[in-house]
Amino acid sequence: MALAEFLESLNALAAQARDAFASADSADALEAARIAFLGAKSGHLRQVQKGLGKVDKADKPAAGKRFNEVKVLVESEFEQAQQRLAGEGGGREEASDRFDVTLPGETLRIGHLHPITQTIREMKDIMGRLGFTAVEGPEIEDDWHNFEALNIPLSHPARDPLENFYLASAAKASGENPLLLRSQTSTVQIRVMEQQVAETAAGESPPPVRIISLGRVYRPDTADATHYPMFHQIEGLLVDRGVTMADLKSVLRLFCQSYFGGEEVHVRFRPSFFPFTEPSVEVDMNWRDGQGNEGWMEMGGAGMVDPNVLRAVGYDPEEVTGFAFGLGVERICMRQHGITDIRALYQNDVRFLSQF
Ligand code: PHE
């Protein structure tokens, strides 16, 4: 074979290989082109190399040299094509290869409200529908609002330093009216009535009151399954002309029925004593769960506002009467969710809290 003939077929092949590599648009297509042209056993270049033997003897060195040059060129063109695919198209293809549409999506972990906060919001909602406005009072209280105005005399055991969190330095500073962390939300009754009276023009009667107050209270109890030094109360107060115990019981029953759902919820009163109500009762609620269990649960205290309390804040007990109640929020929340240890609510263990 003449040199010219050999070189012609070699050059034609080099051009074909260049086109094939340049137009390969995927790693697979490029690999196929590589095997076709550069394949060690039967690639086109290998075939041409075999033709070297038939070239005229004198032309063999020139033909061999040219063959090697073209081979290096074709190989480098292959490498360039490989880099091109890895750079742009290759990356895209790899990513789409990896995308598995059957994989479950990433679930977002969304936070939620603490069970006590949920209970409090629900209670506010229910009492709001019954016409009670939610008000707040300070957690640091003075002796007047926590005891004195609530008809709790100086000698009363409820004032014992062992039963309360007095603020020692504040006690000294304020002399007669020491500060403490409030031990009950009944303090808010006093604050609301005082404010109503203060805003009433001389000679007029202060307006009716219909409020609830929900918040933290503090007592130095040792923590166990049913006690915690901080807990929440829902306090209700209704003062108007002609308010009776029957109104108190109706409101409490409606509240419990709305909270727990269903007509099957009943409320019972047991005679009791609180300095700021007369008569006073303990409130129990009858509950049933899905498994046929039922029982009575203590919810808190209630009663008709003591005339002394009305007088202390400037209401005329001859003109108006009122009822008040104070229920434990934790108890109601625990009953609803079947929680048996109050401490679990405040250990902030997400495994526990995320269940509600
Ligand atoms: N304040 C009382 C307590 O903490 C509950 C109560 C509120 C009782 C209102 C009567 C009226 O135990």
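This briefing describes one long-range helix check, one cis peptide bond and two asparagines in a predicted model. Because the model is predicted, local features are given where pLDDT is at least 70 and side-chain atom pairs count only at pLDDT 80 or more, while totals for chains, interfaces and linings use all residues. Residues are numbered from 1 along each chain as its sequence is written, and side-chain values use heavy atoms, with hydrogens and water left out.

**Helix H4**

- Helices (H or I, at least four residues) and strands (E, at least two) are DSSP runs numbered from the N terminus, and helix H4 covers residues 60–87.
- The 28 residues of H4 should span 40 Å at 1.5 Å a residue, where the expected span is 1.5 Å times one less than the number of residues, and the end C-alpha atoms are 41 Å apart, which agrees.
- The buried residues of H4 (buried means under 20% relative accessible area, exposed over 50%, partly exposed in between, with a 1.4 Å probe and protein chains only) include Ala63, Phe67, Val70, Val74, Phe78, Ala81 and Leu85.
- An α-helix has 3.6 residues a turn, so residues three or four places apart point the same way.

**Cis peptide bond**

- Glutamate 278 and proline 279 are joined by a cis peptide bond, with omega about -5°, and proline 279 lies in strand E8, residues 277–288.

**Asparagines with positive phi**

- Asparagine 151, in the loop between helix H7 (143–146) and strand E3 (165–166), has a positive phi of about 70° although it is not a glycine, and is partly exposed at 26% relative accessible area.
- Asparagine 348, in the loop between helix H12 (329–337) and helix H13 (350–353), has a positive phi near 55° and counts as exposed at 55% relative accessibility.
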